[in-house]
Amino acid sequence: MSPSVGPVTLMELTSGVYAFKALAMATELDVFTELSNGGRTTTTTFADRHRIALRPAELLLTACTALGLLRRDAEGFYSNTQMSEEYLVRGRPYYFGDWVMVVDRHEYPAYLKLADSLRGNHPATWDVELQESLFDPAVAEYFWEGMYSLSANTARLLADAFDFRAINRLLDVGGGGAAFGIELCRRYFDLQVTVFDLPFVCDLTRPRIARAGLEGRIGLAGGDFFADTLPTGHDALLLSNILHDWDEADVLRIIRVCADAIPPGGRLLICESFVADDKAGPPLAALMSFNMLVETWGRNYTAAEYSTWLSEAGLHPEGVTAFEGPGANGVLIARKP
Ligand SMILES: C[S@@+](CC[C@H](N)C(=O)[O-])C[C@H]1O[C@@H](n2cnc3c(N)ncnc32)[C@H](O)[C@@H]1O
C-alpha cells in the first residue's frame with residue numbers, strides 16, 4: 001500500500017541544516033558585503049578571490065541562489081537579492097549576519113550534545129560547572145553583537161506595534177546590546193531609556209550607544225536582577241527575550257522585581273516569541289523554545305502562562321499585540337493598578 005503523504009517535507013526539514021550552513025558559510029566569507037551596491041561575480045572570480053577550487057565555489061553560490069540569497073543572471077553573474085542586500089551586508093543598520101554567526105559558533109556545536117541536554121535536562125552551549133549562566137564574559141566577543149543583530153530587527157517592529165509616545169522614561173531590563181534603546185530612541189524623539197544589565201555587559205554596550213550618538217538619552221545601570229533592586233523613576237519597563245531564559249520560578253522572581261519598580265499606572269512590556277496557548281506553534285516560537293534546551297533552563301512561554309504570573313505579581317495583563325519579528329512575535333502589556 002502506498003503512503004498517503006509524500007516524504008519530501010521530511011527531506012526539506014532534514015535539509016534545514018544544509019541551508020543554514022550555506023548561509024553561515026557565505027556570511028563568514030562576507031559574500032554579500034563583497035557583492036553589495038550592485039556588485040557581481042562569476043564562479044571563477046569568486047573562487048580566485050577566496051582561494052578555493054571551482055567546485056566548492058559553484059556549490060556555495062548555487063545553494064545561496066536556490067535559497068533566495070543570491071540571483072544568477074543569464075551570463076552566469078551572481079548578485080545580491082534584496083534580502084541579502086538589506087540584511088547581510090556588513091555595516092547596514094539591520095545587519096543580521098552577527099546573529100547568524102552566534103547560531104553558527106555558539107549554538108550549532110551544542111547540537112552535537114543535544115541528547116545529553118535532553119536526557120540530563122541541562123544546557124549544552126556552556127559548562128554548567130564553570131559558569132553561573134549563559135551570560136558570561138566567555139561569550140562577550142560575539143553574543144551581544146549577535147543579540148543586537150537579531151533585536152534591532154525586532155525593535156523596529158515593536159516601535160510600530162506600540163505607541164511609545166505614551167512613555168517618557170523606559171527601563172530596559174536585561175537590555176544589553178541596547179538594540180531596543182537605540183531603535184526606540186531613533187523613532188521616538190522624546191523617549192529616555194535606561195539599560196539595566198550585568199556590569200560587564202553595560203561596559204560592552206557603552207561604545208555602541210556612543211556610536212549611535214545617543215549617550216544623552218540612553219543611560220546604563222549595572223546590576224543583577226536576582227540580587228539588586230531595579231532603578232526607579234521609569235514609567236515603563238521592558239523585558240525583551242529575558243523571561244524565556246529562565247525557569248518558571250525565576251520568571252516569577254523577575255516579574256515581581258519588575259512589578260516593584262513600576263509606579264502605579266506604569267506598564268510592563270514583555271516582548272517575546274510567545275508559544276500559542278494550545279502549544280501547537282507557531283514554528284519560530286516553538287523552535288526558539290526547543291533551542292532553550294541547549295542554551296538555558298528556560299522555554300518560550302504562552303501568553304496565558306504569563307498572564308497568570310503577572311496577576312500573581314499584582315499586575316493587570318492587557319493582552320498581546322502581535323507582530324512578526326525575527327526575535328519576537330508580539331508584546332504583552334501589563335499595567336500596575
Ligand atoms: C537574550 S539577552 C536579551 C538582550 C536584550 N533584551 C535583547 O532583547 O536584545 C538576555 C540579557 O539578559 C541579561 N542578563 C542575564 N542575567 C542577568 C541578570 N542576572 N541581571 C541583569 N541582566 C541579566 C544578559 O546579560 C543579556 O543581555
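The following exercises, each with a worked solution, concern the fold of one protein chain.

The structure is a predicted model, in which local features need pLDDT of at least 70, side-chain atom pairs count only at pLDDT 80 or more, and totals for chains, interfaces and linings use all residues. Residues are numbered from 1 along each chain as its sequence is written.

**Exercise 1. Overall form**

Task: State how many helices and strands the protein chain has, and determine why the chain is described as being as compact as a globular protein of its length.

Solution. Step 1: The protein chain holds 14 helices and 9 strands. Here helices (H or I, at least four residues) and strands (E, at least two) are DSSP runs, numbered from the N terminus.

Step 2: The radius of gyration is taken over C-alpha atoms, and the globule rule is 2.2 Å times the number of residues to the power 0.38. For 337 residues the rule gives 20 Å; the radius of gyration of the chain is 22 Å, which is close to this, so the chain is as compact as a globular protein of that length.

Step 3: The C-alpha trace spans about 65 × 60 × 40 Å along its principal axes.

Step 4: The domain assignment (bounds from an automatic or database domain assignment) gives domain 1 (8-89) and domain 2 (98-335). The C-alpha centres of domain 1 and domain 2 lie 32 Å apart.

**Exercise 2. The largest nonpolar core**

Task: Identify which residues touch the most other members of the largest nonpolar core, and explain where this core lies with respect to the domains.

Solution. Step 1: Two terms are needed. A residue is buried if 20 or more other C-beta atoms lie within 10 Å of its own, exposed if 12 or fewer, and partly exposed in between, with C-beta atoms placed from the backbone. A nonpolar core is a set of buried Ala, Val, Leu, Ile, Met, Phe, Trp, Tyr and Cys residues joined through C-beta atoms within 7 Å.

Step 2: The largest core has 84 residues, of which Val173, Leu237, Leu238, Leu239, Cys258, Leu268 and Ile270 touch the most other members. Helix α9 (residues 143-161) contributes the largest share of this core, 9 residues.

Step 3: Both domain 1 (8-89) and domain 2 (98-335) give residues to this core, so it lies between them.

Step 4: Leu238 serves as an example. Two residues are in contact if their C-beta atoms, placed from the backbone, lie within 7 Å. Leaving aside neighbours within four places in sequence, Leu238 is in contact with Leu170, Asp172, Val173, Gly175, Phe180, Leu269 and Cys271.

**Exercise 3. Strands and crossovers**

Task: Trace how β3 is joined to β4 and to β6, and then follow the chain from β4 to β5.

Solution. Step 1: Two strands pair if DSSP finds at least two bridges between them. Strands β3 and β4 run parallel and are joined by 5 bridges; Leu171 has Thr194 as its bridge partner in β4.

Step 2: Strands β3 and β6 also run parallel, with 3 bridges, and the bridge partner of Leu171 in β6 is Leu237.

Step 3: A crossover is right-handed if, with the strands pointing away from the viewer, the path from the first strand over the helix to the second runs clockwise. β3, α10 and β4 form a right-handed β-α-β unit.

Step 4: Strand β4 (residues 192-197) pairs with strand β5 (residues 218-222) in the parallel sense over 5 bridges. From β4 the chain passes through helix α11 (residues 199-211) to β5, and this β-α-β crossover is right-handed.

Step 5: Of the 5 residues of β3, 4 are buried, so β3 is largely enclosed by the rest of the structure. Helix α10 (residues 179-187) is mostly covered, with 7 of its 9 residues buried. The buried residues of α10 pack against α9, β3 (169-173), β4, α11, β5 and β6 (236-240).

**Exercise 4. Loops and backbone angles**

Task: Decide whether Asn37 is buried or exposed, and describe the backbone in the loop between β7 and α13.

Solution. Step 1: Asn37 is placed in the loop between α3 and α4 (43-50). Asn37 has 8 other C-beta atoms within 10 Å and is therefore exposed. Its phi is near 55 degrees, a positive value in a residue other than glycine.

Step 2: Lys279 belongs to the loop between β7 and α13. With 10 other C-beta atoms within 10 Å, Lys279 is exposed, and its phi is near 55 degrees.

Step 3: Pro282 lies in the loop between β7 (267-272) and α13 (283-295). A cis peptide bond, with omega about -10 degrees, joins Gly281 and Pro282.
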